[in-house]
Amino acid sequence: MKKTALIGGRIYTGTEIIAHKALLLDEGKIVGIVDEQDLPEGYQLLDVKGANVCAGLVDLQLYGDGEDLYSAELSVEALERISNGLIDKGTTSYMMTLATNTIPVFKEAIRVAENYHHDAFLGLHLEGPFLNAKKRGAHPEELIIAPTKERIEDLLQENKVVRMMTIAPECISDEVLAYLQGYQLLLSAGHSNATFEEGTHGYDSGIPTSTHLFNAMSPLHHREVGLVGAIFNHKSACASIIVDGHHVSFEAVKIAKRQMGERLFMITDAVAACSKGIYQHVLNDGYYALPDGTISGAAISMFEGIRNCVEQVGIPLDEAIRMSTTYPAKLLQRSDIGNLNAGSMANVIVFTDDFRLKHVIFKGELRY
């Protein structure tokens, strides 16, 4: 790996915006940021000509990329294609997600993923099967089951690759929740019909975040504010949101951002076109749906989501970047991704003010 110095750009570190500085990369790591006139010897210059520079993007919920829907392919080869496709779109860290499925499919997905090693692959996010069928969305009702210690143990066993799970907090007892927390997963409340009290109790009990705010959850109503109200009013509850303009209106994103500030982060919920298996996704005008018309997934990248945050919602660029880097990495307790700190992985994207990706660097290697 060549020593590389990115010069001539605006550097978004996650905490500040820096100009007239050089970002130094070596051995796949961030070395630091120095004045351009103080460059050490031996670095190859990459002049980005006034473009924006930030950390590679982090997506905690997506199901596939290109022509590969992981739940329908279940192969190391599919994961490799997905990883490469996402990196070229600027997403350098991702959580491969599986929606509610049969237990044998979940187990096979886990087995395959345990044999896959890639620095962009963060692990599996199981969105189900312990959800509330009343808010199932595109998930098959017959495959949603109640959580018990025995079912959790059967599914996770000696877990090495599942890192995140979406659950309905009102459908799990305190005892079973405590047992599930013993697996050290990032738990997320979603596909839930929780009341305000049930949702608040879940967050007070240690559920740190929520899955695709507004979608498949009890809405905010003036007499019962539901899970949305519990998220808004809780001091620490975070939530992901899909900023494609289809799953959630841009005005709703604006309201949520005003209420939640740094607790709101972005996901894509992206799927791939698929004509086999449980989830047969059909591309519509900007989003995917099941054959019956039920909205089933997004068709945007994280980078396109940043553009929507800025151009459609009015979120400042530095905050939109944090929503897709700093905040999800913090939830994962990963200090080596989602930032440009010395010692972090050298995952960097470079883009113009009109949102054209110019360069993607992964582990210090220039992809393009």
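**Figure 1. The largest pocket of the predicted model and the residues that line it.** The largest pocket of this predicted model holds about 570 Å³ of space. Its lining is made up of 21 residues, and those closest to the centre of the pocket are L186, K330, L331, L332 and Q333. Strand 14 (186-189) and helix 11 (326-331) each supply at least two residues of this lining. Helix 11 gives the largest share, with four residues.

**Figure 2. Helix 3 and the elements around its buried residues.** Helix 3 runs over residues 103-114, and for these twelve residues a rise of 1.5 Å a residue leads one to expect a span of 16 Å, which agrees with the 16 Å that separates the C-alpha atoms at its ends. Which residues of helix 3 are buried? They are F106, A109, I110, V112 and A113. Because these buried residues cover an arc of only 165 degrees around the axis, they lie on the same side of helix 3. An α-helix has 3.6 residues a turn, so residues three or four places apart point the same way. The buried residues of helix 3 pack against helix 1 (70-73), helix 2 (76-88) and helix 4 (149-156), and also against strand 11 (91-99), strand 12 (121-127) and strand 13 (162-167).

**Figure 3. Strand 1 and its pairing with strand 6 and strand 4.** In strand 1 (residues 4-7), T4 and L6 point one way while A5 and I7 point the other way, and all of them are buried. In a regular strand the side chains alternate between the two faces of the sheet. Strand 1 pairs with strand 6 (residues 44-47) in the parallel sense over four bridges, and L46 of strand 6 is the bridge partner of L6. With strand 4 (residues 21-26), strand 1 pairs in the antiparallel sense over three bridges, and here the bridge partner of A5 is L24.

**Figure 4. An open sheet of three strands.** The strands of this sheet follow the order 18-19-20, and their pairing is antiparallel. Strand 18 (282-283) and strand 20 (295-298) are the edge strands, each of which pairs on one side only. How many bridges join strand 19 to strand 20? There are three, between strands that run antiparallel, with strand 19 covering residues 287-289. One position to look for is A289, which stands opposite I295 in strand 20. Strands of a sheet pair through backbone hydrogen bonds, either parallel or antiparallel.

**Figure 5. A cis peptide bond between G128 and P129.** The peptide bond that joins G128 and P129 is cis, with an omega of about 10 degrees. P129 has its place in the loop between strand 12 and helix 4.

**Figure 6. K49 and Q157, two residues with a positive phi.** K49 is not a glycine, yet its phi is positive, at about 55 degrees. This residue sits in the loop between strand 6 and strand 7 (52-55). Is K49 buried or exposed? With a relative accessible area of 66%, K49 is exposed. Q157, which is not a glycine either, has a positive phi of about 45 degrees, and Q157 is found in the loop between helix 4 and strand 13. At 49% relative accessibility, Q157 counts as partly exposed, because a residue must be over 50% to be called exposed.

Key:
Residues numbered from 1 in each chain as written. Predicted model: local features only at pLDDT ≥ 70, side-chain atom pairs only at ≥ 80, totals over all residues. Heavy atoms only, no water. Pairing = 2+ DSSP bridges. Expected span 1.5 Å × (residues − 1). Buried < 20%, exposed > 50% of the residue type's maximum accessible area, 1.4 Å probe, protein only. Arc of directions from axis to C-beta. Contact = heavy atoms within 4.5 Å. 1 Å grid on protein atoms, 1.4 Å probe; cavity = no way out; pocket = protein on both sides within 12 Å on 5 of 7 lines; lining within 4 Å. Points joined across faces, edges and corners; volume = space filled by probe spheres on them.
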